[in-house]
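Good morning, colleagues. I would ask you to keep the sequence and the model in view while I speak.

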Amino acid sequence: MRMKYLGVLVAAMLVVGACGATNQPSSSSAPGSPTVAPAPGASDQPPSSTEPSAGPVMTDTSLGVEVAASGLTEPTALAFIGAGDFFVTEKSTGQVHHVIDGQVSEPVVDLAVNFFDERGLLGIALHPDFASNGFVYLYWTESAKGESGDGMFGADTDDAKTLPDLGNRVDRFIWDGTKLSWDRNLVKLRSNTLDTDTSGRIRGNHDAGPIVFGQDGKLFIIIGDQNQRSQLQNLPDLAAPDDKNLTGVVLRLNDDGSIPEDNPFFTVGAALGGEAGENVQMIWTYGVRNSFGLAIHPVTGDLWETENGDDSWDEVNIFPAGSNSGWIQLIGPPERFAEFKQIEMDSEDGMDNKDFPPDKLAADANEAQQRMLVLEGSAYVPPVFAWKHPVAVTSIGFVTDETLGASSSNTAWLGTVLTDSLYRYPLAADGSGFDFAGDTGLGDRVDDNTEKGDVGESAKYVVGTGFGVVTGIVHAPDGLLYVSSISAGAVYRIGPADAVGGASPAPTASEAPSEAPSGTTVEVTVGTDTGAELKFDPGEVTVQAGANVRLTFENRAAVPHNLTFQGPITAATSTVVAPGATETVEFKAPGPGEYPFVCTLHPGMGGTLVVGAG
Ligand SMILES: [Ca+2]
Ligand SMILES: [Ca+2]
Ligand SMILES: [Ca+2]
Ligand SMILES: [Ca+2]
């Protein structure tokens, strides 16, 4: 039985890929993606960590960073009311907190969420006229087991299957200055419990969750593919987009949930009719795998998206009306299609779902595009930027003015799960993408990194480190850039060094829930070096044959690690454990012998489980 108690980090939550299979540490084998699989029966207490993080540091010394709010439980998204005045959402509690000048309020609403895997309270947006109407929009996964309000409010669950089929939803609430009151539901979307996973385990991932208003007052909502395989994954012979199969899309809705008549497929959907036809009418973009980043460029008004690949190709996209991102036929730059196919063919986990393994991919990019679903008026849109091996890109935010100084003017900021780095890329003057003029590495708009989580050709665009797993990035009304970290349980703010960050940010770790040891279980702990050395501490642990082993892996380092056995112990896999986080697995010790374990992210980093005769 595989059990995990991920620390603060459901970093894991930010799953990029599939991959439950154990990967071997080699340069050609990408490490597994971070995935959270909370144990059935696990404590209802929020995950937390006892390992303080070193905290964030800016590599651009003209900038400083400081804590804007701390003591949060897995913050996922931010929305600003005014200077120093914002809402923050929490993934696993379903709570929204109001923060004023660093003071975190009691919950202003407490939803009953299902937070298994990547589910939970994931997105927030304020209506453009929030100041007058108080409308707040939330994207969340319901449990339908709450204590009040028809199950909408109260206690949460991480049980994989305690939720309705359409468990992901967007609702509108009204802010009265103290509380958020439910007003209406806008849409209910698929929340899949995949039973065709390539790794043979239950999944609750690819929920996406970011929501954002366009400059015309329409609300964009993104949901990942839920590992479904249907027409909207560019498999035209499969199921039409009924409610069960409306996945991997950006939707565009009016502020009351009705469908704008100027949506790109409004007429197409009307002609199609029925449930699928109405769903088609809501679509702005299809062919999306999964995303943790959606933002409007403040000057052009364009919709930007970050997209997560499996073992190959994370993307940054600009999605016009009627766009098709290409998944599953194509991800990454079309001219690099052969690498997409080869990396996924070489990966042990296929492509998330057994129904479409990578050997079914087209022979080349032209054939891939010919195979795609064509809705009248649609167009395949290639990414404006891509990483060859996923960094597990998350949020994206823009700084288009001078409030952070010249070095940050007209830049895009991006977070990741796997690199512990905050990226800052220069924007093209016309807003059409990034500007890498004169850069031999990124001039091709591709980071040719060498493995998952490798910073690669983006090294000089790393503006800060130590932020952990970044979820929200917002250039706020006070001119500072706010960054939420799901792993640190904190919101940081970045600004000019002479104004921000006089004192180094305080660690924000909170007390871990106590876990009573079982009388029949042997507890062992393996950590990592707290400094820059890539090693396990201790490098060797001993148990007796046949013992029920409860192994806790504590990542005390500033970079992501994992602890992976190479069989026959399959409990610990290549799941990425973020800095400051822990993972606990349980297994029965095999026969006497030495069982090596490794970190698949760092070739050469290994240790040994010694099993003595019982
Ligand atoms: Ca709750
Ligand atoms: Ca794409
Ligand atoms: Ca794969
Ligand atoms: Ca390149």
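Which residues of helix α4 are buried? In this predicted model, helix α4 covers residues 337-346, and its buried residues are F337, F340, K341, I343 and E344. You will see that K341 and E344 stand in that list beside F337, F340 and I343. Against what do these buried residues of α4 pack? Their partner is α5, which spans residues 365-371.

Let me now step back to the chain as a whole. The protein chain holds five helices and 36 strands. Of its 614 residues, 55% are buried. As for contacts, consider those between residues at least 6 apart in sequence: 67% of them join residues at least 24 apart.

I turn next to the interior. In soluble globular proteins, nonpolar side chains tend to be buried together. Here, the largest nonpolar core comprises 138 residues. Within this core, the residues with the most contacts are F220, I221 and V483. Which residues does V483 touch, if we set aside those up to four places away in sequence? They are L422, F467, V470, I473, V491, Y492 and I494.

Next, the loops on either side of helix α4. Between β18, at residues 323-324, and α4 runs a loop that contains I328. The peptide bond joining W327 and I328 is cis, with omega about 15°. In the loop between α4 and α5 we find D352. D352 is not a glycine, yet its phi is positive, near 75°. Is D352 buried or exposed? D352 has 30 C-beta neighbours inside 10 Å, and because the threshold for burial is 20 or more, D352 counts as buried.

A second residue of this kind is H206. Its phi is positive, about 60°, although H206 is not a glycine. H206 sits in the loop between β10, residues 180-189, and β11, residues 211-213. H206 is buried, because 27 other C-beta atoms lie within 10 Å.

Strand β10 brings us to its hairpin with β9. Strand β9, residues 168-175, runs antiparallel to β10, and eight bridges join the two. One position to find on the display is D171, whose bridge partner in β10 is N185. Four residues lie between the strands of this hairpin, and G177 there adopts a positive phi near 100°. For anyone following the side chains, I add a general remark: in a regular strand they alternate between the two faces of the sheet.

I come now to the first of two sheets. What is the order of its four strands? The order is β30-β29-β32-β34, in an open sheet with mixed pairing. At the edges are β30, residues 536-537, and β34, residues 582-588, and each of these pairs on one side only. Strand β29, residues 521-528, runs antiparallel to β30 and is joined to it by two bridges. T528 is the residue that stands opposite F536 in β30. After this strand comes another cis bond: the peptide bond from D537 to P538 is cis, with omega near 0°. P538 belongs to the loop between β30 and β31, the latter being residues 540-544.

Strand β31 takes us to the second sheet. It too is an open sheet of four strands with mixed pairing, in the order β31-β36-β35-β33. Why is one side of β31 and one side of β33 left without a neighbour in the sheet? Strands β31 and β33, the latter at residues 564-565, stand at the edges, and each has a single partner strand. Further in, β35, residues 593-598, is joined to β36 by six bridges, and the two run antiparallel. Here Y595 stands opposite L609 in β36.

I close with one residue of this sheet, G606. G606 is located in strand β36, which covers residues 606-612. What does G606 touch, leaving out residues up to four places away in sequence? G606 touches P596, F597 and V598. From C-alpha to C-alpha, G606 and E540 are 9.4 Å apart in space, while 66 residues separate them in sequence. G606 is partly exposed, because its count of other C-beta atoms within 10 Å is 18, and a residue is buried only at 20 or more and exposed at 12 or fewer.

Thank you. I shall be glad to take your comments.

Definitions and conventions: Residues numbered from 1 in each chain as written. Chains lettered and ligands numbered in written order. Predicted model: local features only at pLDDT ≥ 70, side-chain atom pairs only at ≥ 80, totals over all residues. Contact = placed C-beta atoms within 7 Å. Core = buried A, V, L, I, M, F, W, Y, C linked by C-beta atoms within 7 Å. Pairing = 2+ DSSP bridges.
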